[in-house]
Amino acid sequence: MIHDPVIEAQTPADDFTIKQCWGEYTDDEHAVWDELYARQINILKGRAVPEFYEGLDALTLGGSGIPNLEAINPKLKALTGWEVVMVPHLVPDLVFFDHLANRRFPAGRFIRGRHQMDYLQEPDIFHDIFGHVPMLTQPVFANYMEAYGKGGLRAERHGMLKQLARLYWYTVEFGLMETPKGLRIYGAGIVSSAGESIFSLDDPSPNRIHFDLERIMRTDYRIDDYQQTYFSIASYEELFDATQQDFGDIYARLKDGQPPYTPDEVLDKDMVLNQGTQAYAKSKAL
Ligand code: PHE
Ligand code: CO
């Protein structure tokens with residue numbers, strides 16, 4: 001776990017939130033944000049969905065160091081009713097779902113150090129705020145995130161947390177969008193990563209497959225490297241509408257003991273945009 005004395009000095013509230021204590025960030029921490037921000041803006045040109053840039057602009061996340069929640073939250077609240085809260089590190093699943101269900105996005109306080117600009121074992125404030133928060137300014141996506149939180153509480157009662165987590169992973173974190181100008185990124189795990197911003201769109205290695213809710217909930221994913229498959233949506237409505245059904249029937253089928261699909265698998269019924277070579281995975285002998 002990353003050491004952050006400002007976190008360690010606090011006792012979290014019952015909902016696991018802490019204070020950001022924005023005045024306590026060091027100049028170097030602010031400088032790391034500015035560098036990461038400038039680097040990503042440069043790499044993301046023509047790669048992220050237009051709504052992502054709209055969100056960045058609406059919240060003014062760049063140019064003056066780590067954003068202060070007191071400055072972001074009034075703007076975000078006015079747009080979609082969401083706010084960002086600080087949490088020490090990862091929070092328990094049910095706490096996380098409860099925040100989302102109430103339009104609160106839990107973000108980490110600490111920022112990565114200079115020795116780990118590219119690799120992170122746990123999400124930091126750059127991933128959480130630069131990656132996730134711009135999309136929360138978009139009404140349909142914001143509704144989806146709230147619905148996901150509520151769905152999490154139901155999935156837990158069905159013993160289906162793992163299956164639901166796959167949906168989050170392949171949409172909120174690693175989702176692509178089919179736009180008139182070609183594929184674009186909306187997933188937070190991609191937009192906050194210099195390497196994956198390029199890999200996800202340009203590399204011949206991964207599969208790119210059209211979104212299919214139940215199929216995704218059956219598909220394992222990798223947390224330790226670039227994805228072997230990305231799923232793309234045609235619109236935020238497609239994503240939101242697919243999740244409006246009661247997942248009870250899907251959960252019942254998933255419970256039947258069907259084995260999960262591997263991260264690189266391509267099925268006959270998939271709508272494949274590009275079938276990947278998986279050369280990257282093979283070169284790393286996964
Ligand atoms: N419709 C889902 C259910 O019945 C809830 C959900 C909504 C899950 C949105 C994920 C995203 O459980
Ligand atoms: Co994330």
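**Close-up views of a predicted model**

**View 1. Glu-146 forms a salt bridge with Lys-150, and their closest N and O atoms are 2.3 Å apart.** Like every view here, this one comes from a predicted model. Both residues sit in helix α7, which covers residues 139–158. They are 4 residues apart, or about one turn of the helix. Are the two partners buried or exposed? Glu-146 is buried because its relative accessible area, 16%, falls under the 20% limit. Lys-150 has 43%, so it counts as partly exposed.

**View 2. Glu-35 and Arg-114 meet through their side chains in a salt bridge.** From N to O, the distance is 2.8 Å. Glu-35 belongs to helix α2 (residues 27–44), while Arg-114 is in the loop between β2 (104–108) and α6, so this pair ties together parts that are 79 residues apart in sequence. Glu-35 is partly exposed, at 39% relative accessibility. Arg-114 is partly exposed too, with a value of 38%.

**View 3. Arg-222 and Asp-224 are joined by a salt bridge.** Here the closest N and O atoms are 3.9 Å apart. Arg-222 is buried, with just 7% relative accessibility. Now follow the shared partners: salt bridges link Arg-222, Asp-224, Asp-225 and Lys-284 into one network. How many salt bridges are there in the whole model? The count comes to 18.

**View 4. Phe-52 and Phe-130 make an aromatic pair, one of 21 in the structure.** How do the two rings meet? They are edge-to-face, with 5.4 Å from centre to centre and 70° between the planes. The pair links distant parts of the chain: Phe-52 is in helix α3 (residues 50–59) and Phe-130 is in helix α6 (residues 125–132), 78 residues apart. Phe-52 is buried, at 0% relative accessibility. Phe-130 is buried as well, and its relative accessible area is also 0%.

**View 5. Trp-169 and Phe-174 form a tilted pair of rings.** Why tilted? The planes of the two rings stand at 40°, which is neither under 30 degrees (stacked) nor over 60 (edge-to-face), so the pair gets the label in between. The ring centres are 4.8 Å apart. Trp-169 is buried, with a relative accessible area of 16%. Phe-174 is buried too, with 8%.

**View 6. Six aromatic residues gather in one cluster: Trp-33, Tyr-37, Phe-52, Tyr-53, Phe-126 and Phe-130.** You've already met two of these members, Phe-52 and Phe-130, as the edge-to-face pair.

**View 7. The charged end of Arg-109 sits over the ring of Tyr-25.** How far is that charged end from the centre of the ring? The distance is 4.0 Å.

**View 8. Thr-243 sits in a loop between two helices, α12 and α13.** Helix α12 covers 236–242 and helix α13 covers 248–255. Is Thr-243 buried or exposed? Its relative accessible area is 13%, so Thr-243 counts as buried. Which residues does Thr-243 touch, leaving aside those up to four places away in sequence? They are Tyr-144, Leu-167 and Leu-213.

Conventions: Residues numbered from 1 in each chain as written. Chains lettered and ligands numbered in written order. Predicted model: local features only at pLDDT ≥ 70, side-chain atom pairs only at ≥ 80, totals over all residues. Heavy atoms only, no water. Buried < 20%, exposed > 50% of the residue type's maximum accessible area, 1.4 Å probe, protein only. Contact = heavy atoms within 4.5 Å. Phe/Tyr/Trp six-rings, centres within 6.5 Å; stacked < 30°, edge-to-face > 60°. Lys NZ or Arg CZ within 6 Å of the ring centre and 35° of its normal. Salt bridge = Lys/Arg side-chain N within 4 Å of Asp/Glu carboxyl O.
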